[in-house]
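Me: Could you walk me through this protein and its ligand, one question at a time?

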Amino acid sequence: MDRLNASRTLSDKVKAPGYTPAEHGTGIVHLGLGAFLRAHLAAYTDAALAASGGDWRIVGVSLRSTAPVEELEPQDGLYTLIERGPAGTNARVIGALSGALSGANQRAEILEAMADPATRIVSLTVTEKGYGIDRATGGADPSFPAVAEDLANPIAPGGVLGLIVRALELRRAAGIAPFTVLCCDNLPENGAFLQAGVVDFAKRRDPDLADWIAQSVAFPSTMVDRITPARTDRTLADATALTGFADAAAIETEPFTQWVIEDRFPSGRPDWDVAGAIFVEDVAPYEHMKLRMLNGTHSMLAYAGFLSGHRYVRDTMADPAMRRLIKRHLAAAAATLTPLPGIDFSTYAEELCARFTNLEIAHETYQIAMDGTQKLPQRILRPALDAHAEGQSLRPFAFATAAWMRYCLGRKDDGTTYALRDPMEGEISSRLEGLTDDVGIVEALCELPGLFPDALLAIPGWKAAVTEILAGFLQNGDVAAIRSEAETAEA
Ligand code: CS2
């Protein structure tokens, strides 16, 4: 079967790019060449290129793996984006990627692309754990391997902070205006978060450079949203059926997509608004809404759902006990938010339930359960603190936390074991070794460095609630514990 590439004539079952990709230069370097880039930023850029042109194609960078380069290079960066929803399947071929590079063997080329005057934006989706920023201090974390390596060898960096700082240094030395840095990961105030890490990393090398970055580089915050499960064989088979060619880079996603961005792009940006991106002064309230309602509920349902035997998010929505807990969590998360003009949080919650119910999307609870220590703070623990400050019940947040703790034990009730897949998995397992009692487990996990805010641990009743819920899991089994929690939840 021939591979998809720029010389192919596509079948009419798929929408081709509405422009000639090769006629548009590169304006963006994106770090993190995964499914989310392909379903979100690249799709918006593709629509912007079709509507108003410009040299805004994207060089995608995979920091460690060479696999995405092997998928995309032979296809001239083209790939099929399949949208699956209740109204059917839609597919388009995206032409926004102009190249793909891997940090495994192309570090010099990556820096060259970032330092190129044509590059006006460096965007990122490297997941919460990919930055090497210490959440407690906000600075670069020298215990993070890529940070340590790049501080030791700043001329040939391979990590996020090292690459951004070195590329900015090269631009400054050459008199080239800096690029705008656009963090697209699910972190609160993600622009300010990345800015603090980058400036601190630079300070450790050259305080003058750090000052220049702090003063002249824009780091707009952004809220990104599109549920994009890991690709399966069905994705690839459907891409072939739709395009008529083999496509090793295809991905699938839901029809819904949302992007709210602070409009601070001193060197310009694509017309992402034509594809529906919303530009606002302050993105924080949107980020909180999405992180706490969508992602917070996702994490809760991932742990509780996985433990009750549900492979996919859609299966949790079909389980009456889980559905009740999902609705309870959405309402509790909404109650921690400041009102957003024009947005009704209960309508947003209903839309989320509909999205979670999408039968065409096979989004694994095990996928979402990954990296809990990186997700819990902004999704569950901060909201718990705010709920407490507002005099609201801590119970839904304590339940999500207890479900995560139960999950950290690494085995289901039927004895099957699974990998935790968390950057702190080694530390979690060694702390839990030999522990079987609820109090011991809660204590051990609450003491993980940097995870639980002191203010939360100081709330009378917090640990007791988590311990009581965990005891239910351990004594009655997961399914029974979840059912009994749901019975206490208001309908
Ligand atoms: C999910 C997100 O895996 C996870 O942690 O909660 O990837 C979620 O699907 C996206 O943020 C949706 O926009």
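**The ligand and its surroundings**

Reply: Happy to! A polar side-chain atom of Lys375 is 2.8 Å from an oxygen atom of the ligand, a polar contact being a pair of N or O atoms within 3.5 Å. This is a predicted model, in which local features need pLDDT of at least 70, side-chain atom pairs count only at pLDDT 80 or more, and totals for chains, interfaces and linings use all residues. Residues are numbered from 1 along each chain as its sequence is written, and side-chain values use heavy atoms, with hydrogens and water left out.

Me: What percentage of the area that the ligand exposes when taken alone does the protein bury?

Reply: Accessible areas come from the Shrake-Rupley method with a 1.4 Å probe. Taken alone, the ligand exposes 350 Å². The share of this that the protein buries is 88%.

Me: Which element gives the largest share of the shell around the ligand?

Reply: Helices here are DSSP runs of H or I with at least four residues, numbered from the N terminus. Two elements give two or more residues to the shell, α15 (372–389) and α10 (284–307). The largest share, 3 residues, comes from α10.

Me: Where does the ligand lie relative to the domains?

Reply: The domain bounds come from an automatic or database domain assignment. Because residues of the shell come from both domains, the ligand lies between domain 1 (21–280) and domain 2 (284–488).

Me: Which side-chain distance to a ligand oxygen is found for Lys290?

Reply: The pair joins an oxygen atom of the ligand and an N or O atom in the side chain of Lys290. Their distance is 2.6 Å.

How values were computed: A polar contact is a pair of N or O atoms within 3.5 Å; within protein, one must be able to donate a hydrogen and the other to accept it, and residues adjacent in sequence count only if both atoms are side-chain atoms.
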